[in-house]
Amino acid sequence: MKKVPYRFFLTEDQMPRQWYNLRADMKEQPDPMLNPQTGKPATEEDLYPVFCKELARQELDSTTRYIDIPEPILEMYRIYRPSPLIRAYNLEKALGTPARIYYKFEGNNTSGSHKLNSAIAQAYYAKEQGLTSLTTETGAGQWGTALAEACAYYHLPLTVYMVKGSYNQKPFRKAIIQTFGADVIPSPSDTTNAGRAILAEHPDTTGSLGCAISEAVEKAVTTEGCRYVLGSVLNQVLLHQSIIGLESKKAMELLDEYPDIIIGCAGGGSNLGGLIAPFMQDKLLGKADPRIVAVEPASCPSLTRGKYAYDYCDTGKITPMARMYTLGCGFIPSANHAGGLRYHGMSPILSKLYHDGYMEAVSVEQTKVFEAAVMFSKLETILPAPESSHAIRAAIDEALKCKETGEAKTILFGLTGTGYFDMTAYTSFLEGNMSDYIPTDEDLKRGFDGLPSIPGIQ
Ligand SMILES: *Cc1c(COP(=O)(O)O)cnc(C)c1O
């Protein structure tokens with residue numbers, strides 16, 4: 001076996017020029033999105049008021065296996081890609097494991113995460129269609145930052161509804177988004193009907209992603225030339241994020257490696273869906289059989305404790321309904337949860353693959369996640385995002401199992417980003433003030449009780 005370098009980069013010429021659409025190789029498709037007004041499968045036209053046309057097409061395209069990445073998007077990708085595939089020699093040594101641990105690091109851009117991969121694509125198609133502004137929501141802030149970067153590049157005005165708790169906790173996040181020229185509004189706000197309704201019921205709420213989505217969608221459909229864009233969950237976002245997996249697979253091939261275990265954190269599922277895409281293809285086609293593990297917070301356990309059901313993608317119940325693992329669109333994680341990944345649902349593609357047994361899911365408590373984050377930062381010099389640290393936790397646990405069994409497995413995990421804006425959470429961990437709140441069955445039941453009833457389906 002070749003001596004593997006610490007950091008391995010593909011050359012510009014080796015970078016993928018197409019995205020990979022995992023649905024084309026799935027034997028059974030995820031159930032169709034439903035139009036909330038008619039209860040019928042949503043058509044491309046149904047999506048036009050919310051999404052731009054090319055993205056509506058990509059959303060519903062389950063047959064085109066490879067989709068060319070337009071040259072202007074490739075040009076933008078080349079500014080910060082390919083991202084490095086890093087061999088975690090120091091971590092391996094510290095753990096005393098025979099496992100070989102690799103991670104794909106997506107934090108090398110100002111958004112500090114993989115989200116820029118889809119933000120660029122979405123802003124590009126909006127500009128191509130002649131749209132004049134965009135709206136979105138952001139929770140932790142990485143998506144808002146990524147989209148603000150992309151919109152600055154394409155000269156598109158952007159309004160970001162930022163979950164209020166995060167807006168108050170991360171003033172510098174807000175400042176970066178503003179530096180790139182976007183407007184930031186704390187959500188729930190009094191600028192939309194959805195926001196006003198939530199404020200009337202819960203005046204002191206710190207907000208949620210689902211609620212911010214409702215506000216952004218409402219703004220998009222009531223503003224001429226404006227569309228809504230979303231940073232995760234949707235099929236189109238997983239498609240754009242396949243660049244992560246395609247690069248990883250190619251790099252590993254050049255190193256004569258293939259992962260036995262692939263691990264990613266799962267919020268809405270976009271980085272995980274992107275990372276695993278070409279490996280899942282091998283699995284679906286019977287060419288290889290890696291284990292694929294989604295890692296989620298114990299305080300927001302959509303895969304491990306959620307229901308596989310049709311649900312709204314937002315709290316305001318105005319988006320199409322998707323069949324996915326969900327905690328109910330009214331679910332809001334406990335206020336002491338600081339680790340991100342707080343969305344109530346999960347990508348319909350990943351939900352289906354999980355439901356059909358192609359992947360596993362584990363949930364981890366946040367103090368264990370931050371323990372792993374601090375250990376990792378000291379060994380690998382990267383201060384990881386709390387979200388990414390879920391994957392680190394699970395990778396460490398798998399490597400420790402290898403230590404027990406003596407198996408030299410190859411582990412690949414997604415290091416989705418950096419945690420510079422999460423220092424309040426790190427401080428609370430370091431000072432011993434962080435606790436683990438795991439929702440009770442009773443808490444979860446409240447969310448499930450709010451699931452929509454759809455005649456003939458559920
Ligand atoms: C948004 C985000 C995630 C979670 O989103 P997914 O769509 O599940 O990938 C994970 N890590 C970082 C750094 C993020 O910004």
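Select the shell around the ligand and colour the residues by class: in this predicted model the shell has twelve polar residues, four nonpolar residues and two charged ones. Keep that selection of 18 residues on screen and then highlight K115, S232, S270, N271 and T416, the residues of the shell that come nearest to the ligand.

With the ligand still centred, turn to its oxygen atoms and go through three contacts one at a time. In the side chain of H114, an N or O atom is 3.1 Å from an oxygen atom of the ligand, and in the side chain of Q142 an N or O atom is 3.4 Å from an oxygen atom of the ligand. For G268, show the backbone rather than a side chain, since here a backbone N or O atom lies 3.0 Å from an oxygen atom of the ligand. If you now switch on a surface, bear in mind that the ligand on its own has 380 Å² of accessible area, and that the protein covers 93% of this area. Which elements give two or more residues to the shell around the ligand? They are the helices α12, spanning 270-284, and α16, spanning 386-405.

Next, leave the ligand and select the open sheet, whose seven strands follow the order β1-β4-β5-β15-β10-β11-β14 with mixed pairing. Strands of a sheet pair through backbone hydrogen bonds, either parallel or antiparallel. Its two edge strands are β1, residues 7-8, and β14, residues 360-364, each of which pairs on one side only.

Zoom in on the β1 edge, where two bridges join β1 to strand β4 (residues 85-87) and the two strands run antiparallel. Select R7, which lies in β1, and then I86, its bridge partner in β4; these two residues are 79 positions apart in sequence, yet their C-alpha atoms are 4.5 Å apart in space. Once neighbours within four places in sequence are set aside, R7 is in contact with P84, L85, I86 and I382. Is R7 buried, partly exposed or exposed? R7 counts as partly exposed, because its relative accessibility is 40% and the intermediate class runs between 20% and 50%.

Stay on β4 and select R87, which lies in that strand and counts as buried at 9% relative accessibility. Apart from neighbours within four places in sequence, R87 is in contact with V4, P5, Y6, E92, R100, I101, Y102 and E380.

From R87, move along to T97, which has its place in the loop between α4 (89-95) and β5 (100-105). Although T97 sits in a loop, the residue is buried, with a relative accessible area of 11%. Display the side chain of T97 together with the backbone of A99, and you will find a polar atom of that side chain 3.0 Å from the backbone nitrogen of A99. Not counting residues up to four places away in sequence, T97 touches E92, A399, C402 and K403. E92 therefore appears in the contact list of R87 as well as in that of T97, under the 4.5 Å limit for heavy atoms.

The next stop is T135, which you will find in strand β6, residues 133-138. T135 is buried, with a relative accessible area of 0%. To see what surrounds T135, select its contacts beyond four places in sequence, namely L158, T159, A216, K219, A220, C226, R227, Y228 and V229. A distance drawn from T135 to G267, 132 residues away along the chain, separates their C-alpha atoms by 20 Å.

Finish with a pair of strands, β12 (residues 307-312) and β13, which run antiparallel and are joined by six bridges. Two of the bridge partnerships are convenient to pick out: D311 has A322 as its partner in β13, while Y310 has R323 as its partner there. How many of the six residues of β13 are buried? Five of them are, so β13 (residues 321-326) is largely enclosed by the rest of the structure. Strand β12 also has five of its six residues buried, so this strand too is largely enclosed by the rest of the structure.

Note on methods: Residues numbered from 1 in each chain as written. Predicted model: local features only at pLDDT ≥ 70, side-chain atom pairs only at ≥ 80, totals over all residues. Heavy atoms only, no water. Near = heavy atom within 4 Å. Polar contact = N/O pair within 3.5 Å; in protein donor to acceptor, adjacent residues only side chain to side chain. Areas by Shrake-Rupley, 256 points an atom, 1.4 Å probe, with all protein chains shown as cover. Helix = DSSP H or I, 4+ residues; strand = E, 2+ residues; numbered from the N terminus. Nonpolar A, V, L, I, M, F, W, Y, C, P; charged D, E, K, R; others polar. Pairing = 2+ DSSP bridges. Buried < 20%, exposed > 50% of the residue type's maximum accessible area, 1.4 Å probe, protein only.
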